[in-house]
Amino acid sequence: MKFTIILLLLCAAGMCPAAAKTPGEVQAGEVLRDARMQGLLGPSTKLSALRGKPLVINVWASWCGPCREEMASLERLSRRFWGTELNVIGISTDDYQDRAEAFLHKSGVTFGNYIDRRLELEHMLGADRLPLTLLVDAQGRVLAKFYGAKEWDSPQSLALIAKYFRIKL
């Protein structure tokens, strides 16, 4: 009973442990497979090209209210750390590229965003619900997965990021 209550509290706080639910999902502790990522407002690239620095991956959709709410905090996080201690990218699960692009334009997002029309990334990352944010180390290993919206540049989130990436912020 106590375990169930603790699990429910963790899930409500956006720290629910992930269980394999999508085909080919990579779990915490495992290395992400390489994948081609189609750029939304910028060039396409491979996931492996982003290795070398810790990576915050946010999986979102333009129709997802919580995704839209947290995007500004991810933008602030990316502006604060882009290219230094860590990188931030977004993966849209939108069916229509024009809707994802319109949302990015309207919200003023400048960090790299990609679209996943074939569901390859969605399945590999475990995005059975949105938003999903992954913390990935410089070697491509998934350190943690967080479901639900967070204020990613808050003192609490920055402390969490520093802890997982073992960096000083």
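Here is a walk through this predicted model, from the overall layout down to a few local spots.

Let's begin with the chain as a whole. It has 5 helices and 7 strands, and reading along the sequence you meet them in the pattern α-β-β-β-α-β-α-β-α-β-β-α. Of the 169 residues, 47% are buried. If you take the contacts with a separation of 6 or more, 66% of them join residues 24 or more positions apart.

Now pick out helix H3, residues 97-107. Gln 97, Ala 100, Phe 103 and Leu 104 are its buried residues. Those four cover an arc of only 130 degrees around the axis, so they sit on the same side of H3. The spacing is something you may know from helical wheels: an α-helix has 3.6 residues a turn, so residues three or four places apart point the same way. Turn to the face away from that buried side and you find Asp 98, Arg 99, His 105 and Lys 106, which are exposed. What do the buried residues of H3 pack against? Their partners are helix H2 (65-81) and four strands: S1 (36-39), S3 (55-60), S4 (87-92) and S5 (113-115). Just after H3 comes Gly 108, with a positive phi near 70 degrees.

Next, the cysteines. The structure holds 1 disulfide, and it links Cys 64 with Cys 67, the two sulfur atoms being 2.4 Å apart. As a reminder, a disulfide is a covalent bond between the sulfur atoms of two cysteines. Is this one right-handed or left-handed? The torsion about the S-S bond of Cys 64 and Cys 67 is about 75 degrees, so the disulfide is right-handed. Both Cys 64 and Cys 67 are buried.

What about empty space? Rolling a probe the size of a water molecule over the atoms shows where it is left. For enclosed space, a search of the whole structure turns up 1 cavity of 30 Å³ or more. The largest cavity has a volume of about 70 Å³. Its lining is made up of Leu 32, Leu 47, Leu 50, Arg 51, Lys 53, Leu 55, Val 136, Asp 137, Ala 138 and Gly 140. By class, that lining splits into 6 nonpolar, 1 polar and 3 charged residues.

For open space, look at the largest pocket, which holds about 150 Å³. Around it are Arg 36, Met 37, Gln 38, Ser 44, Ile 115, Asp 116, Arg 117, Arg 118, Glu 120 and Leu 121. The class count for the pocket lining is 3 nonpolar, 2 polar and 5 charged. Which elements each supply at least two residues of this lining? They are S1 and helix H4 (120-125), and S1 gives the most, with 3 residues. You have met S1 already, as one of the elements that the buried residues of H3 pack against.

One last stop is Gly 24, in the loop between helix H1 (2-12) and S1. Gly 24 has a relative accessibility of 42%, so it counts as partly exposed. Setting aside neighbours within four places in sequence, Gly 24 is in contact with Arg 33, His 123 and Met 124. Gly 24 also shows how the fold brings distant stretches of sequence together: Gly 24 and Gly 126 are 102 residues apart in sequence, yet their C-alpha atoms are 8.4 Å apart in space.

How values were computed
Residues are numbered from 1 along each chain as its sequence is written. This is a predicted model: local features need pLDDT of at least 70, side-chain atom pairs count only at pLDDT 80 or more; totals for chains, interfaces and linings use all residues. Side-chain values use heavy atoms; hydrogens and water are left out. Buried means under 20% relative accessible area, exposed over 50%, partly exposed in between (1.4 Å probe, protein chains only). The arc is that of the directions from the helix axis to the C-beta atoms. Contact means heavy atoms within 4.5 Å. On a 1 Å grid over the protein atoms alone, a cavity is a set of points where a 1.4 Å probe fits but cannot get out, and a pocket is an open set with protein on both sides within 12 Å along at least five of seven lines; lining residues have an atom within 4 Å of a point. Grid points are joined across faces, edges and corners, and a volume is the space filled by probe spheres set on the points. Ala, Val, Leu, Ile, Met, Phe, Trp, Tyr, Cys and Pro count as nonpolar, Asp, Glu, Lys and Arg as charged, and the others, Gly among them, as polar. A disulfide is a pair of cysteine sulfur atoms within 2.5 Å.
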